Amino acid sequence: MANEEQVVRDTITWYEIQELAKTRVNGSLAIKDKVVVRGKSYHNHNDPVEFFSRGRLISLYALNISNLKRLTFQNCVLKGLRISNTDLRRFKVSKCSGASVLLLNSSIDNIDLIKSTIHAFSLFDIASEEIRLDKNSIFDFSLNRSKVNLQLLVDSCDFATSQRRYGVALYDSEVDACTLVDCSFPESTENTNNLYAAIRCINTKINTLNLLSSSLTGLVFNNSGIAQSLSMKDVIISDYLAAERFSMPNENTNLDWSLISDTKLAILVNDTILIRNRLGTDFTNKYAYDGLVNLYNQFYRLYKTRGDRASANSCLVEMKDLETKRLKLLMESNNDFESAASYYLNVFLKYFAKYGTSPMRSLQISMWVVLWFAFIFFFIYSDWDRINRHFFMEKSNTMINYFSSEQNLEDFYSESSKSQFNSFEKFKINLNDKKSELPFLFAILLKPLYSLALAKYKFNTWLYRRLEILQGRWTDLSGGRKFLVGTSLTVMTIIYLSYLVLLRGMNSIMLSVNTFSTLGFGDIPVTGIGRYLAIIEGFLGWFLLSIFSVSLISQILQS
């Protein structure tokens, strides 16, 4: 810009350009190093041009150069350039600055705006093969009621200083291929009284749309459609995507949900109001709610068709969040049981299974429920292990008798196993007495039962004999012997108690799993309050596992 200020430019008026164009036999005109102004006398030689812009009839003067084929402005200051009713092969603006460039009612094969700073570049009723905006600082670009047969390319342009409500706007137009790459836009959507949109498409059809390597503040695609492919790569959508009545191809749409997640989907009302999935939005308004649900559902179906289950699930979670917010408002306004039940059921479903999209989360929570009940069952008597105060008193009495008598461990084991040993002997006698009355093979099979039982009894007797450390009464031991025996017995007691804790813990977990999974165990093996807890856990297990099954089947069907 410093070099441009040092250039001494002459002023040239529209009328002078028009007269110069008449002298160009080859149809080419290049304006260099000039300040282009309309001039006070232009309206004396030309009639105004009329055209419609957003429903309003506008009448203004424009440059008429119908005899030219190529028109170039280079290193110029354009103080309002308007061109209409022309048939150009090429229109080029290079290294220029100015307030605005307006092209009307023309057929221009190639339009180039290169390395220029233009406040506004607007096209109305233009038929073109290719439009290229390259390395410009431009406040806004708009294409109105126009058709681009090949490509609209916006490359490395800076829209960050825009004072209007859009960077690139396409109204009532048709574009074969539109590519926007490496462009910058304002960071905030709050701009004057309107919401800013980096790209605004209204009633526009595009065959191929590519958005690459750009940070886009907001996007509007209302009543528009992408016919063949939509691709967004290395793009950040910082604020919103408004896409009401917007169609896109299911097979060739590369739009990751992470770009539009976190409640960025929205409906734009009167260009100033965004309705989106956020707190404070009045979702009792059926229009707002239905519009957003339809928008979310459109993207959900898109991701399901593509087989992108992760994006489909994330989209569904946000859509169900929207439903939950509406149910909360309805609950607060209706104040009835049905509304409250519907709201809290949605809240539970989100926490437990993310609305059915995460069966592994529901399984994880179910396991925590099992462990929580197992912890409670740990302190409740169970017929499975029969460990209670009476059990510990019996064991304690045995130890008291052991320390105060001459009996050793082998004696206590033999006494406690006496009835069992006698049953072994009765079995042996009965087998020997009636062996001749039994089938030979059957008798052969029964004999090892006695042998194994007797071997186990003898092994335990030998083991207790080897483990004997007291060898008499406690009071008869010396001080050193008491210390050794006391330490050994303490260690053995701790090991035994650890074994009981482990046994009780395993039984509690198995009891909880059995109850939660509703497998059934005949009579409930716990008493008192434990019975009621078992019934409650059984109901919870049936309810939670049903949700888990539905979630799992839903995800399998999507795969």
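Here is a guided walk through this structure, which is a predicted model.

Let us begin on the inside. The largest nonpolar core has 87 residues, and the ones that touch the most other members are Phe73, Phe91 and Phe299. Helix α4, which runs over residues 286–306, gives the most to this core, with nine residues. Apart from this core lies another one of 16 residues, including Leu511, Phe516, Val526 and Leu544.

Phe91 is a good place to pause. Once its neighbours within four places in sequence are set aside, Phe91 is in contact with ten residues you can look for: Leu71, Phe73, Leu81, Ile83, Val101, Leu103, Ile108, Asn110, Ile111 and Asp112. Keep the last of these names in mind, as Asp112 is in contact with Phe91 and also has a charged partner, Arg132.

Side chains of opposite charge can pair when their charged atoms come close. In this model the count comes to 15 salt bridges. In one of them, the side chains of Asp112 and Arg132 meet with N and O at 3.6 Å. This pair links distant parts of the chain, for Asp112 is in strand β11 (residues 97–114) and Arg132 is in strand β12, 20 residues apart. Are the two partners buried or partly exposed? Asp112 counts as buried because its relative accessibility is 7%, whereas Arg132, at 23%, counts as partly exposed. Both belong to a network of salt bridges that links Arg90, Asp112, Arg132, Asp134 and Lys135.

Strand β12 (residues 117–134) also holds Asp125. This residue forms a salt bridge with Arg145, and the closest N and O atoms are 2.8 Å apart. Here too the pair links distant parts of the chain, since Arg145 sits in the loop between β13 (137–144) and β14 (147–155). Asp125 is partly exposed, with a relative accessible area of 26%, and Arg145 is partly exposed at 30%.

Asp125 has something else to show you. Most residues other than glycine have a negative phi. Asp125 is not a glycine, yet its phi is positive, at about 55°. Asn75 also has a positive phi of about 55° without being a glycine. Asn75 is found in the loop between β7 (70–74) and β8 (77–78), and it counts as buried because its relative accessibility is 16%.

Now for the cysteines. A disulfide is a covalent bond between the sulfur atoms of two cysteines. How many disulfides does the model have? The count comes to zero. Take Cys96: the closest cysteine sulfur is in Cys76, 4.6 Å away, so the two are too far apart for a bond. A disulfide would need the sulfur atoms within 2.5 Å. Cys96 is buried, with a relative accessible area of 2%, and Cys315 counts as buried at 0%.

Finally, let us visit the surface. A nonpolar patch is formed there by Trp384, Leu502, Met506, Met510 and Val513, with about 470 Å² of accessible area together. Met506 has its place in helix α12 (residues 479–516) and counts as partly exposed because its relative accessibility is 43%. Another residue to find is Phe440, in helix α11 (residues 440–467), which counts as exposed at 64% relative accessibility. From Phe440 to Asn85 the C-alpha atoms are 118 Å apart in space, and the two residues are 355 residues apart in sequence.

Conventions. Residues are numbered from 1 along each chain as its sequence is written. This is a predicted model: local features need pLDDT of at least 70, side-chain atom pairs count only at pLDDT 80 or more; totals for chains, interfaces and linings use all residues. Side-chain values use heavy atoms; hydrogens and water are left out. A nonpolar core is a set of buried Ala, Val, Leu, Ile, Met, Phe, Trp, Tyr and Cys residues joined through side-chain atoms within 4.5 Å. Buried means under 20% relative accessible area, exposed over 50%, partly exposed in between (1.4 Å probe, protein chains only). Helices (H or I, at least four residues) and strands (E, at least two) are DSSP runs, numbered from the N terminus. Contact means heavy atoms within 4.5 Å. Patches are made of residues with over 30% relative accessible area and no salt bridge: like charges are joined within 9 Å, nonpolar side chains (Val, Leu, Ile, Met, Phe, Trp, Tyr) within 5 Å. Accessible areas come from the Shrake-Rupley method with a 1.4 Å probe; for residues, only the protein chains shown count as cover. A salt bridge is a side-chain nitrogen of Lys or Arg within 4 Å of a carboxyl oxygen of Asp or Glu.
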